[in-house]
Protein chains: 2
Amino acid sequence: MITICEVSMKYHISKDALRFYEKEKLIGPIRKNKSGIREYQDSDLERIEFVLCMRSAGLSIAVLRKYLELYDKGDNTKEMRLNLLLNEKKKLKEKIKCMNDAFKKLEYKIKLYQES
Amino acid sequence: MITICEVSMKYHISKDALRFYEKEKLIGPIRKNKSGIREYQDSDLERIEFVLCMRSAGLSIAVLRKYLELYDKGDNTKEMRLNLLLNEKKKLKEKIKCMNDAFKKLEYKIKLYQES
DNA sequence: TCTTGACTTAGAGTATAGTCTAAGTAGTAT
DNA sequence: ATACTACTTAGACTATACTCTAAGTCAAGA
């Protein structure tokens, strides 16, 4: 049972973003106390970690919602989920390759500056 | 002397984006013929390649404009340009590391699916 | 009791990076 | 001459992912 403020600090993400992710069904619905205040459980935190990790990899809100929707539908969506993940993995691999290439070019450009 | 259509196909980028980059001062101003049609020179293409490469690395339009602005101002902006590039390189390195971590987690997740 | 501060909501606003539309022009094909 | 196609412009619109605002509730401290 940890508050939105604590979750926000723990993961360096805004409270607004946490509520936004909940509205977009990436997490939650988070349990609320009698005053309507969110109380995050350990299971919520795991899901938040997963979402943040995948977001940092560039997976879109829409793709994550799709995945988590399937997940919540149960076991017979496993193959669809796997395919979705494989597809995202492929895209991510491309992207990383692309960024590595750009990184090398940037390094080279910097080297030229430092030589002159 | 190559047309916007050819440049667009060569680099797999829309004609709108090419005009947008020009408006944002990332490229050009591109020479135009007496009818007002753009005619891209080799030097334009080099700049386009640089811009696309850096965009694929995640450098923002604003950062690129800043860099190219300094570049067009001449030699005494060299140190500022170098610092700008070093800063972007640092950010890029972080981002790539972050994406690699996420990639590994994605792979692990996929492995779990494939084992079950 | 009153104020303070942190929370709540719905919905408006922002930043980034294009993308699309409308209206017009120029050169070519019939 | 007329139609067609590709180009031009300014400016409106879109998608994504938040971020902010306004109005209100609740619990605790002075």
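# Notes on the predicted protein–DNA model

1. A polar side-chain atom of Ser35(B) sits 2.8 Å from a phosphate oxygen of DNA strand C. Bear in mind that this is a predicted model. Arg55(B) also points at the backbone here: an N or O atom of the Arg55(B) side chain is 3.0 Å from a phosphate oxygen of DNA strand C.

2. What about the bases of strand C? Asp16(B) is one to look at, with a polar side-chain atom 3.4 Å from a base nitrogen of DNA strand C.

3. Stepping back to the whole surroundings of this strand, 17 residues lie around DNA strand C, and the ones that come nearest are Cys5(A), Arg19(A), Lys32(A), Tyr21(B) and Ser35(B). On the DNA side, sugar and phosphate make up 81% of the strand C atoms that come within 4 Å of the protein.

4. Which helix gives the most to the surface near DNA strand C? H2(B) does, with four residues. The helices that each supply at least two residues are H1 (4-11) and H2 (15-23) of chain A, along with H2 (15-23) of chain B. Sorted by class, the residues of this surface come out as seven nonpolar, four polar and six charged.

5. Now for DNA strand D. It has 17 residues around it, and the closest are Tyr21(A), Ser35(A), Cys5(B), Arg19(B) and Lys32(B). Sugar or phosphate accounts for 80% of the strand D atoms within 4 Å of the protein, and bases for the rest.

6. Here are the polar contacts on strand D, taken one by one. The side chain of Ser35(A) puts an N or O atom 2.8 Å from a phosphate oxygen of DNA strand D. For Arg55(A), the side-chain N or O atom is 3.0 Å from a phosphate oxygen of DNA strand D. Asp16(A) goes to a base instead, with a polar side-chain atom 3.5 Å from a base nitrogen of DNA strand D. Two or more residues of the surface near DNA strand D come from each of H2 of chain A, and H1 (4-11) and H2 of chain B.

7. If you want a single element to inspect for strand D, try H2(A), which gives the most to the surface near DNA strand D, with four residues. By class, that surface has seven nonpolar, four polar and six charged residues.

8. Moving away from the DNA, have a look at how H1(A) packs on H3(A), which covers residues 42-56 of chain A. Their axes come within 12 Å and cross at roughly 40°, so H1(A) and H3(A) are oblique to each other. The crossing in which H1(A) passes H3(A) is right-handed. On the H1(A) side the residues are Val7(A), Lys10(A) and Tyr11(A), and they meet Leu45(A), Ile48(A), Glu49(A) and Leu52(A) in H3(A). That contact has five nonpolar residues, no polar ones and two charged ones.

9. How do H4(A) and H5(A) lie with respect to each other? H4 (residues 61-73) and H5 (residues 78-115) of chain A pack at about 155°, with axes 9 Å apart. Angles over 145 degrees count as roughly antiparallel, and H4(A) and H5(A) are therefore roughly antiparallel to each other. Their crossing is left-handed. From H4(A), the residues Val63(A), Lys66(A), Tyr67(A), Leu70(A) and Tyr71(A) meet Met80(A), Arg81(A), Leu84(A), Leu85(A) and Glu88(A) in H5(A). Split by class, the contact gives seven nonpolar, no polar and three charged residues.

10. A few backbone details deserve a glance. Most peptide bonds are trans, and most residues other than glycine have a negative phi. In chain A, the bond joining Gly28(A) and Pro29(A) is cis, with omega about 5°, and Pro29(A) is in the loop between H2 and H3 of chain A. In chain B, the peptide bond from Gly28(B) to Pro29(B) is cis too, with omega near 5°; Pro29(B) is placed in the loop between H2 and H3 (42-56) of chain B.

11. Last, where is His12(A) found? It is in the loop between H1 and H2 of chain A. The phi of His12(A) is near 50°, a positive value in a residue other than glycine.

Notes: Residues are numbered from 1 along each chain as its sequence is written. Chains are lettered from A and ligands numbered from 1 in the order in which they are written. This is a predicted model: local features need pLDDT of at least 70, side-chain atom pairs count only at pLDDT 80 or more; totals for chains, interfaces and linings use all residues. Side-chain values use heavy atoms; hydrogens and water are left out. A residue is near a molecule or strand if one of its heavy atoms lies within 4 Å of it. A polar contact is a pair of N or O atoms within 3.5 Å; within protein, one must be able to donate a hydrogen and the other to accept it, and residues adjacent in sequence count only if both atoms are side-chain atoms. Ala, Val, Leu, Ile, Met, Phe, Trp, Tyr, Cys and Pro count as nonpolar, Asp, Glu, Lys and Arg as charged, and the others, Gly among them, as polar. Axes are lines fitted to C-alpha atoms, for helices over the stretch in contact, and angles run from 0 to 180 degrees between N-to-C directions. Angles under 35 degrees count as roughly parallel, over 145 as roughly antiparallel, 65 to 115 as roughly perpendicular and the rest as oblique. A crossing is left-handed if the near helix is turned anticlockwise from the far one by less than a right angle, and right-handed if clockwise. Contact means heavy atoms within 4.5 Å.
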